[in-house]
Amino acid sequence: MTESVSAQDEALMRAAIEQARLAESAGDVPVGAVIARGGEIVAAAHNRRIIDADPTAHAEMLAIRAAAEAVGDWRLTGCTLAVTLEPCAMCAGAIVLARIDRLVYGAADPKAGAVDTLYHVCTDERLNHRVDVAGGVLADECGAMLTEFFRRRRTSPS
């Protein structure tokens with residue numbers, strides 16, 4: 001984590017949590033993301049991997065695509081992405097490539113996290129763009145949603 005957390009970060013995370021709930025209600029892993037520019041949310045998305053049978057349909061990827069369309073540019077400078085789970089390598093790479101200025105994430109991902117846990121893609125000085133990162137924002141709430149989702153999956157009859 002490289003930056004402090006603001007009330008705006010928490011508000012964005014609450015919006016991302018709402019997106020995660022939409023994913024869960026559709027039977028997908030509850031991860032949600034929003035992208036804001038100038039304090040206004042320009043894109044919101046949730047995991048659709050199961051729904052769309054698409055391994056790349058992570059909340060972050062879908063939000064990045066929607067934000068680029070909304071602002072009319074692939075460069076998302078001036079934007080903050082808030083996501084309920086630490087991004088994986090694919091999503092962290094897309095965040096860097098999209099030139100997003102700031103990343104706010106909720107729960108750390110010990111199995112696939114590529115921002116602070118397993119790798120440090122967003123802050124790697126060898127890359128041409130680095131992202132300011134604030135991790136652990138509403139982490140308990142974000143993590144509990146995921147833990148409960150997978151607990152239910154393990155205990156429910158198939």
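This briefing walks through the overall build of one protein chain and then stops at a few of its residues. Keep in mind that the model is predicted. The chain's secondary structure adds up to 5 helices and 5 strands. The radius of gyration is 15 Å, close to the 15 Å that the globule rule gives for 158 residues, so the chain is as compact as a globular protein of that length.

**The whole chain**

- If you trace the sequence from start to end, you meet helices and strands in the pattern α-β-β-α-α-β-α-β-β-α.
- Picture a box lined up with the principal axes: the C-alpha atoms fill one of roughly 50 × 30 × 30 Å.
- Of the 158 residues, 46% count as buried.
- Take the contacts between residues at least 6 apart in sequence: 60% of them join residues at least 24 apart.

**Surface and charge**

- About 7,700 Å² of the chain is exposed, and carbon and sulfur atoms supply 53% of that area.
- On the charge side, you'll find 16 positive and 22 negative side chains.
- The centres of those two sets of charges lie 5 Å apart.

**Gln19, a residue in a helix**

- Look for Gln19 in helix H1, which covers residues 7-25.
- Is Gln19 buried or exposed? It's buried, because its relative accessible area of 14% falls under the 20% cut-off.
- The Gln19 side chain reaches the backbone nitrogen of Ala45, at 3.5 Å.
- Ala45 also turns up among the contacts of Gln19 once neighbours within four places in sequence are set aside, along with Gly32, Ala33, Val34, Ala44 and His46.

**Val31, a residue in a loop**

- Val31 sits in the loop between H1 and strand S1, the strand at 32-37.
- Being in a loop doesn't put Val31 on the outside here: Val31 is buried, with a relative accessible area of 5%.
- What does Val31 touch, leaving aside neighbours within four places in sequence? Its contacts include Ala20 and Ala23, then His46 and Asn47, then Ala59 and Glu60.
- From further along the chain, Val83, Thr84, Leu85 and Leu146 are also in contact with Val31.
- Val31 and Cys88 are 57 residues apart along the chain, and their C-alpha atoms are separated by 12 Å.

**Two residues with a positive phi**

- Some background first: most residues other than glycine have a negative phi.
- Ala53 isn't a glycine, yet its phi is positive, at about 50 degrees.
- You'll find Ala53 in the loop between helix H2 (49-52) and helix H3 (59-71).
- Ala53 counts as exposed, because its relative accessible area of 70% is over the 50% cut-off.
- Arg99 is another residue other than glycine with a positive phi, this time near 65 degrees.
- Where is Arg99? Arg99 lies in the loop between helix H4 (89-97) and strand S4 (102-107).

**Asp116, partly exposed**

- Asp116 belongs to the loop between S4 and strand S5, the strand at 132-134.
- With a relative accessible area of 23%, Asp116 is partly exposed.
- Asp116 and Ile100 are 16 residues apart in sequence, and the distance between their C-alpha atoms is 17 Å.

Terms used. Residues numbered from 1 in each chain as written. Predicted model: local features only at pLDDT ≥ 70, side-chain atom pairs only at ≥ 80, totals over all residues. Heavy atoms only, no water. Helix = DSSP H or I, 4+ residues; strand = E, 2+ residues; numbered from the N terminus. Buried < 20%, exposed > 50% of the residue type's maximum accessible area, 1.4 Å probe, protein only. Polar contact = N/O pair within 3.5 Å; in protein donor to acceptor, adjacent residues only side chain to side chain. Contact = heavy atoms within 4.5 Å. Rg over C-alpha atoms; globule rule 2.2 N^0.38 Å. Areas by Shrake-Rupley, 256 points an atom, 1.4 Å probe, with all protein chains shown as cover. Lys, Arg positive; Asp, Glu negative; His and termini not counted. Charge placed at Lys NZ, Arg CZ, Asp CG, Glu CD.
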